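Below is a short note for someone opening this entry for the first time. The points start with the ligand and then turn to one sheet.

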Amino acid sequence: MTDLATLERPAGGARQAAPVEHFDVLIVGAGISGVGGAYHLTKQCPELKFVVLETYESFGGTWWMHRYPGIRSDSDLHTFGYRFKPWVGKPIATAEEIRKYMGDVIAENDLGRHIRYRHKVKRASWSSAEKLWTVEAENLATGEALRFTCNFLWMCQGYYRHSEGYTPQWPDMDKYKGRIVHPQTWPEDLDYKGKQVLVIGSGATAATVVPAMAADCAHVTVLQRSPTYFFPGRNAIEIAEQLRQLDVDETWIHEIVRRQILFNQAQFTKRCFEEPEAVTKELLGGVRAFLGPDYDIDTHFTPKYLPWRQRIAFIPDGDLFKGIASGRASMVTDEIERFTENGVLLKSGKELEADIVVTATGFNLSILGDIDFVIDGKPLDFADTVTYRGLMFTGVPNMAWVFGYFRASWTLRSDMVADFVCALLNHMKKIGKRKVTVALRPEDKGLPLKSWLDEENFNPGYMLRSMHLLPKRLDKPEWQHSQDYWSEKEEIPNTNFDDAAFVYE
Ligand SMILES: Cc1cc2nc3c(=O)[nH]c(=O)nc-3n(C[C@H](O)[C@H](O)[C@H](O)COP(=O)(O)OP(=O)(O)OC[C@H]3O[C@@H](n4cnc5c(N)ncnc54)[C@H](O)[C@@H]3O)c2cc1C
C-alpha cells in the first residue's frame, strides 16, 4: 500500500477518484485520550505513521465542548493529568486550565502536525483480505468526503454523544414559556442575570453550575428526584504544597502526589464496601459542616444507594453548600408531574416557577462515536461481541477502545491502554503479523455472557439506559472492564500477547 493510493468512492456516491491516505494507526478523537495516544505512539512506536481525526475545531473533547458556567473537573488533575506531564495547579481545575495543559503537551511534543480538526469519522470497514480498515470521514470545513486506510484503529471518541445531552421528556414541556437549556449545549447568548433558574438534576454538572450561577441569578433552585453523595474539601493537596515549599522538582511532586491520591482512593473504595454506614456518616458530616444542624440533610443529601455505586463529586471548598447556606440556592427533592407555562408542577402539588430551566440530566451513551462499523461487509453490532478487558472486542480485528474509570480518573486508564496498544503493535511487528483479533479460548467458551456492567457494583443512569448496546463480559478478569484500577495496573501491563486469546494472521 502506498501512502497516497487511489480507490473508488463507495457505492451510491459519484464514481470519481478520491485520494486515499494510508496510516499505520488512525486515532479517532483529540480529547485527553486521543492526545495521550498520539504522545505514546511517538514515544513507543516512533516509526509508525499515524493521524488523529477530530470533529471539533480544536483539541480537548469534553473540555472543549462544555461551555456551561463554572465547567471544571470533578476529580484531581494529578491523576486526571497524564502520568508523563506534571500537573502544577490546584487539584480541581477549570476546563480552560485543562485545555492549556493539553495544549502544552501538544506543543512540547510536536503533536499538532498529526491532528486534523473538523474531520468527522462516519464509517469504518474492515477487510480481512487486505488486513486494513477503510475509514470514511467528512471534512466539515469543506464538506469533502475523505477516505483513509489504516492497519490499526484506536478509538478515543469518549463515551457520550457530543452533539446532544440526555433530556427526559416530561408532559407539557412545549407549554413552558421560559428557556430550557442542557449544559452540554450551553447557548452563548444565555443571560441569566437576575433570573429565577431551576436546575433539574443533582450530579456533578449541577454541583458545578449551581455555585457558578448563584452569584448572578435572583435564585437557583435545584430539583432532584433523589439525592447524591458529595465530598466537600479544600481545593489543595497538602503534600504538594509542602513539597513545593521544599523546592522539590515538579516531576517528583507529580509522582508522589499521584501515589498518595491513589492510595487514599483505594482505602476509601475499600471502606465503601466494607463499612458503608461509617463512610455515609462521614460524607454526610462533611455536608452538615457547611449547612448547619437544622438543615434537612436526610431529605436532600442522603442517597438511597450505598457510597461509590455512583461517582462521588468532589466539591472544592464546599462552594455548592456555601451557595445553599447563603440562601442564593436551594434544594427541592421531588418529582416532576408536568411542565406549566411558568415552570414545573411537582408530584407533591407544589409549583416551581423559573425563567430558565437547566436540564442537568446527563448523557446519552455513544458506544463508538456513532460510527457505522462493518466487518468484511457485515454491519457490526457491538452488543454481539465480548470485550477483552474493555479495550478490544471479539470479532473486531485491529481495533482498541478507550473507556476510563468511574471511580478513578479516566486518564489513568487511557495511559494504560496506550501502553497496551503500543506493546501490541510492537509485538505484531516482531512476529511479522498484520492482523490481531481477540477470541474466546476453549476454556472461555460456554461461560455465561453477562451484561457490560455489574449493576450491583456501579449503576449510573446513562449506563443502565444503554446496557443493551454494550458488548458482553464473562466472569473472568480478562473478559471484562473490571473498573478496578488496582488490579488492572498489574494485569494490563503484564499482558501475554502470545496467549491464545490473541489470534494473529
Ligand atoms: C463535564 C464533565 C466533567 C468530567 N470530569 C471528569 C473528571 O473530573 N475526571 C474524570 O476522570 N472524568 C471526568 N469526566 C469524564 C470525561 O469525559 C473523561 O474523563 C475524559 O475527558 C474523556 O476523554 P476522552 O478523550 O476519552 O473523550 P472526550 O473528551 O469525549 O473526547 C472525545 C473526542 O472524540 C471526538 N469524536 C467523537 N466521535 C468522533 C468521530 N466520529 N469522528 C471524529 N472525532 C470524534 C469528539 O469530538 C471529542 O473531541 C467528565 C465528563 C464530563 C462530561
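1. Helix 1 contributes the most to the shell around the ligand, giving three residues. Please keep in mind that the model is predicted.

2. Helix 1 spans residues 32-44, and strand 5 covers 119-127; each of the two supplies at least two residues of the shell around the ligand.

3. There are 31 residues around the ligand, and those that come nearest are G29, G31, G61, G158 and G369. By class, the shell around the ligand holds 17 polar, eleven nonpolar and three charged residues.

4. Next, the sheet. Five strands make up an open sheet with parallel pairing, and their order is 8-17-9-10-13. Its edges are strand 8 (179-181) and strand 13 (329-333), each of which pairs on one side only. On average, and with direction ignored, neighbouring strands of this sheet are turned by 20 degrees against each other.

5. How many bridges join strand 9 to strand 17? Strand 9 (residues 196-200) and strand 17 (residues 356-359) run parallel and are joined by four bridges. At one position, V197 stands opposite I356 in strand 17.

6. Which helix packs on this sheet, touching strand 9, strand 10, strand 13 and strand 17? That is helix 5, residues 204-214. The direction of helix 5 makes about 165 degrees with that of strand 10 (219-224).

7. A general remark for the new reader: strands of a sheet pair through backbone hydrogen bonds, in either a parallel or an antiparallel manner. In the sheet described here, the pairing is parallel.

Key:
Residues numbered from 1 in each chain as written. Predicted model: local features only at pLDDT ≥ 70, side-chain atom pairs only at ≥ 80, totals over all residues. Near = placed C-beta within 6 Å. Nonpolar A, V, L, I, M, F, W, Y, C, P; charged D, E, K, R; others polar. Pairing = 2+ DSSP bridges. Axes fitted to C-alpha atoms, helices over the stretch in contact; angles between N-to-C directions. Contact = placed C-beta atoms within 7 Å.
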